[in-house]
Amino acid sequence: MEDVERLEAFQAKIDREEKIEPKDWMPAEYRKHLIRQISQHAHSEVIGMQPEGNWITRAPSLRAKVVLLAKIQDEAGHGLYLYCAAETLGISREELLEQLHSGKAKYSSIFNYPTLNWADMGAVGWLVDGAAIVNQVSLQRTSFGPYSRGMVRICKEESFHQRQGYEIMATMAKGTPEQKRMAQEALDRIWWPALGMFGPHDKDSPNTGNAMKWKIKRETNDELRQKFIDKTVQQAEVIGLTVPDPDMKWNEDKGQYDHGEIDWEEFMNVVRGKGPCNAQRLEHHKKAHDEGRWVRDAATAYAKKQQSKKQVA
Ligand code: 3HC
């Protein structure tokens, strides 16, 4: 078939809500768009383990430590699902990691902020995983099969992540005045960078047009951000905390909150590598990757040995 006919057949399949599978013909731009987004999603899951990993040894109780460990282990698994989904598009794990280490590939800017105390563990779980849930529930309906199926699996675990964070915040908000102050300050620190997780405004997004046409995204950045705000402001009120936005006000006519503007200059600075922890996060990942080489080599050698045994048998 001519490319024009194949392109029309491809778009018609998308419009019929049929999933595109790795073996299907797809436009090079669709493939490139997916590799970009899925790889950045995977990098975000893995780099996102660092801010919380800092607090495993300092968790306030054995239960808190076990819950945080379980969450961080989940994130590693999410990263693996997503790297595997990206690999079905014809890119290798080595290339994906080279793009991360060289700075060519992005990961979510939220992870370039520090986690200063235990209340930040609550705010990260509640707000960062809360924002991720809003985005990932929508991505369950993405047009690329492996990405969509990975999202279904990830969303099941993400709700536990958000719940454990909200429990930490609720406990501290109802604790001593000092604990309540820590919870409020954590909300103040993480609220605005969490809103940035949904990306720039739709009008400033170079990728949303194609993403919506190809049903990679099912809702736009601003639609998802609004959904997150509308449900999270009420959660803050329930536990006696205040979202750090003086312009936050319920709009009865629109049935949603009006809110203030994100500091896009700060956002772009962090995306461009000038955030508080960008260099530290990448250095840590490179060091861990190098130190883990012997594990990968051993696993590869073992797999080869098993394979050769099978061939002999
Ligand atoms: N941090 C870093 N870069 C960002 C960003 C952010 N928060 N938001 C947008 N960008 C980048 C985009 O990657 C794009 O740059 P590129 O073209 O070089 O890749 C540019 O800014 C313009 O943004 P667009 O909105 O045009 O880009 P997208 O259409 O890709 O939308 C997105 C951005 C909404 C993040 C989309 O890529 C997406 O939905 N990704 C999958 C979900 C994801 O990555 N979630 C965040 C982290 S996962 C997580 O938090 C896990 C949890 O368990 C902790």
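# Reading the ligand site, salt bridges and loops

Tutor: Start at the ligand. One of its oxygen atoms lies 3.3 Å from an N or O atom in the side chain of Asp 129. That is a polar contact (N or O atoms within 3.5 Å; inside protein, one must be able to donate a hydrogen and the other to accept it, and sequence-adjacent residues count only through two side-chain atoms).

Student: What kind of model is this, and how are its residues numbered?

Tutor: The model is predicted: local features need pLDDT of at least 70, side-chain atom pairs count only at pLDDT 80 or more, and totals for chains, interfaces and linings use all residues. Numbering runs from 1 along each chain as its sequence is written, and side-chain values use heavy atoms, with hydrogens and water left out.

Student: Which backbone atoms of the protein approach the ligand?

Tutor: Take Ser 109 and Pro 206. A backbone N or O atom of Ser 109 is 2.9 Å from a ligand nitrogen. A polar backbone atom of Pro 206 is 3.4 Å from a ligand oxygen. Now add surface area. Alone, the ligand exposes 1000 Å², and the protein buries 90% of that. Such areas come from the Shrake-Rupley method (1.4 Å probe; for residues, only the protein chains shown count as cover).

Student: How many residues are around the ligand, and which come nearest?

Tutor: There are 30 residues around the ligand. Glu 75, Lys 106, Ser 205, Lys 217 and Asn 221 come nearest. The rule for being near is a heavy atom within 4 Å.

Student: Which helices supply that shell?

Tutor: Helices (H or I, at least four residues) and strands (E, at least two) are DSSP runs numbered from the N terminus. Here α2 (28-47), α6 (118-139), α7 (145-173) and α11 (264-274) each supply at least two shell residues. The most come from α2, with 6 residues.

Student: How do I read a salt bridge?

Tutor: Side chains of opposite charge can pair when their charged atoms come close. The rule is a side-chain nitrogen of Lys or Arg within 4 Å of a carboxyl oxygen of Asp or Glu. This model has 22 salt bridges by that rule.

Student: Which residue pairs with Asp 129?

Tutor: Lys 71 does, at 3.0 Å, N to O. Asp 129 sits in helix α6 and Lys 71 in helix α4 (residues 62-87), so the pair ties together parts 58 residues apart in sequence. Asp 129 is buried at 4% relative accessibility. Lys 71 is buried at 1%. The cut-offs: buried is under 20% relative accessible area, exposed over 50%, partly exposed in between (1.4 Å probe, protein chains only). A network of salt bridges links Asp 129 and Lys 71 with Glu 52 and Glu 75.

Student: How far apart in sequence are Arg 6 and Asp 3?

Tutor: They are 3 residues apart in helix α1, so about one helical turn separates them. Their side chains meet in a salt bridge at 3.0 Å, N to O. Arg 6 is partly exposed at 29%, and Asp 3 is partly exposed at 46%.

Student: Which residue does Glu 219 bridge to?

Tutor: Lys 227, with the closest N and O atoms 2.5 Å apart. Glu 219 is buried at 14%; Lys 227 is partly exposed at 44%.

Student: Which side chain of opposite charge is nearest to Asp 245?

Tutor: Arg 225, 10 Å away. Asp 245 is buried yet has no salt bridge. In this count Lys and Arg are positive, Asp and Glu negative; His and the chain ends are left out. Asp 245 lies in the loop between α10 (221-238) and β1 (249-251). Its side chain reaches the backbone nitrogen of Asp 247 at 2.8 Å. Neighbours within four places aside, Asp 245 is in contact (heavy atoms within 4.5 Å) with Trp 192, His 259 and Gly 260.

Student: Where is Asp 247, and what is in contact with it?

Tutor: Asp 247 is in the loop between α10 and β1. Beyond four places in sequence, its contacts are Asp 258, His 259 and Gly 260. Asp 247 and Asp 258 are 11 residues apart in sequence, and their C-alpha atoms are 7.0 Å apart.

Student: How do I read a positive phi?

Tutor: Most residues other than glycine have a negative phi. Glu 17 has a phi near 65°, in the loop between α1 (3-15) and α2. Glu 17 is partly exposed at 46%. Lys 215 has a phi of about 55°, in the loop between α9 (208-213) and α10. Lys 215 is buried at 17%.
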